Amino acid sequence: MLTDEAPRQGGDTKALFFELAAGRDPAVRERLVTAHLGLAHQLARRYVNRGEPYEDLVQVASLAIVKSVDRFDPDRGIEFTTFATRTVIGELKRHFRDKGWAVRAPRRVQELYLELGKATETLSQQLGRSPTVRELATATGATEEAVLEALEAGQGYRTASIDATGRNEETLASHLGGEDASLGAIEDRVLLAPALAALGPREQQILQLRFAYGLTQSEIAARVGISQMHVSRLLAASLKRLRSSVTEAEAGLTDRDGQAEPEAQSSSAPAHERRAAS
Amino acid sequence: MSERKAGTISVELSIPVQADLVVLARLAAATLAGRAGFGIEDIEDLRLAVEELCLSLVTGREDGRLHLSYECEGDAIEVACWYEDDHMAASARRAAADDLSLKILDALVDEHGRRLRDGRAGAWLRKRRSDRAV
């Protein structure tokens, strides 16, 4: 449980890619693929809540990892995980495009989406690039708004239509099937194991269903027989306990770089802020 | 709310942290990108990225609001997102994103970053129209 961490781009990985490039050794290839399957699981979990079975998404993502290993050029100067993430997301997008019809979209939207698929193929061949919304609207005789709505539905988003009926009060995070950001801060399993053991059996089960199996809070609620809000509260309380246990344990260790100070990922400020400052 | 100033289109949106409303955040981005002539591949990337941006700020939260601002200028669109609730101190600590979110955003957009504004956790992204071949 909680084992699928994205591998870091260490010197070993880089050396293996150079070795693979030099000799195309199948054993090296297999080691690289195996080492990065965790990333496939992580990404599959991220998009699990769109009507497609988790196992199918893992399969698509894992094949994308194989493809990434085969195509990666270590001389290009980017991390393999960045390259692989791009490839996996591309394959998952394609998968949803083809299979994402578990979504409860209105029939007219489904029909338009199928039409858009054909138009996209034709236009892409004609233009040599991805068509714009306007071009697709012209080709299908639909409005641009309808095209946007159908494309939204086609990606398997569960909330397919802006005018979908029924009010859903689930929280955004529970609905998207994403992974708690806080998990990143408690990824050190050496520290985590004793803290997990200190939780009650139900809390452990819920954490396992959430993070190891990628179930949403609603799915966990149905399986455990409690409300989604109750699951949410239990998860929050468990994570809080884990966090404080890990923090206490960390305090006893040597210095480690934390993530408490948020920093921009890019040196340039966003335009919103540049304008506000001027 | 939207306004137009000399070639720039600015839109602001404020939504509760609620699953069925994130569609508004995605659709606003897709609509602006569609108007700017982005190809549908880019628009799909943008939708995923906006969703990731929102998710990275609200994970584990059940209340509060997301404030989104969109600026579309020339061949680029920028989306900034801020989380606001009654517990600003807690919010501020959440500005750091997990590794996976950062990898996903790296894969989908040209630039992205995290910011604090008035104690609120925020994040932004910028995507340019690629006109990439298919």
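# Salt bridges, cores and confidence in a predicted model

Author: In this predicted model, the side chains of Glu91(A) and Lys67(A) meet in a salt bridge, with N and O 2.8 Å apart.

Reader: Which helices do Glu91(A) and Lys67(A) lie in?

Author: Glu91(A) belongs to helix α5 of chain A and Lys67(A) to helix α4 (residues 54-71) of chain A, so the salt bridge ties together parts that are 24 residues apart in sequence.

Reader: And is Glu91(A) buried or exposed?

Author: Glu91(A) is buried, since its relative accessible area is 17%, whereas Lys67(A), at 29%, is partly exposed.

Reader: How many salt bridges are there over all chains?

Author: The count comes to 18 over all chains. One of them is formed by Glu152(A) with Arg47(B), where the closest N and O atoms are 2.5 Å apart. Glu152(A) sits in helix α8 (residues 144-154) of chain A and Arg47(B) in helix α2 of chain B, so this pair joins two chains. Both Glu152(A) and Arg47(B) are buried.

Reader: What does Asp42(B) form a salt bridge with?

Author: Its partner is Lys127(B), and the closest N and O atoms of the two are 3.9 Å apart. The pair links distant parts of the chain, for Asp42(B) is in helix α2 of chain B and Lys127(B) in strand β6 (residues 120-128) of chain B, 85 residues apart. Asp42(B) counts as buried at 2% relative accessibility, and Lys127(B) is buried as well, at 6%.

Reader: Which residues are linked with them in a network of salt bridges?

Author: The network links Asp42(B) and Lys127(B) with Lys93(A), Glu41(B) and Asp45(B).

Reader: Changing topic, how many residues has the largest nonpolar core?

Author: That core has 85 residues, and those with the most contacts inside it are Leu66(B), Leu68(B) and Tyr70(B). Helix α2 (residues 40-58) of chain B gives the most to this core, namely ten residues. A second, separate core of 15 residues includes Leu196(A) and Ile220(A).

Reader: What does Leu68(B) touch?

Author: Leaving out residues up to four places away in sequence, Leu68(B) touches several residues of chain B, among them Val11(B), Ile15(B), Cys54(B) and Val79(B).

Reader: Now, what is the mean pLDDT of chain A?

Author: The mean is 73, and 66% of the residues of chain A reach 70 or more. Among the elements of chain A, helix α7 (residues 133-140) has the highest mean pLDDT, 94, and helix α10 (residues 181-185) the lowest, 38.

Reader: Where does pLDDT stay under 50?

Author: It does so over residues 158-169 of chain A, and also over residues 253-267 of chain A. Where pLDDT is low, the predicted coordinates should not be read in detail.

Notes: Residues are numbered from 1 along each chain as its sequence is written. Chains are lettered from A and ligands numbered from 1 in the order in which they are written. This is a predicted model: local features need pLDDT of at least 70, side-chain atom pairs count only at pLDDT 80 or more; totals for chains, interfaces and linings use all residues. Side-chain values use heavy atoms; hydrogens and water are left out. A nonpolar core is a set of buried Ala, Val, Leu, Ile, Met, Phe, Trp, Tyr and Cys residues joined through side-chain atoms within 4.5 Å. Buried means under 20% relative accessible area, exposed over 50%, partly exposed in between (1.4 Å probe, protein chains only). Helices (H or I, at least four residues) and strands (E, at least two) are DSSP runs, numbered from the N terminus. Contact means heavy atoms within 4.5 Å. pLDDT is the predictor's confidence in each residue, from 0 to 100. A salt bridge is a side-chain nitrogen of Lys or Arg within 4 Å of a carboxyl oxygen of Asp or Glu.
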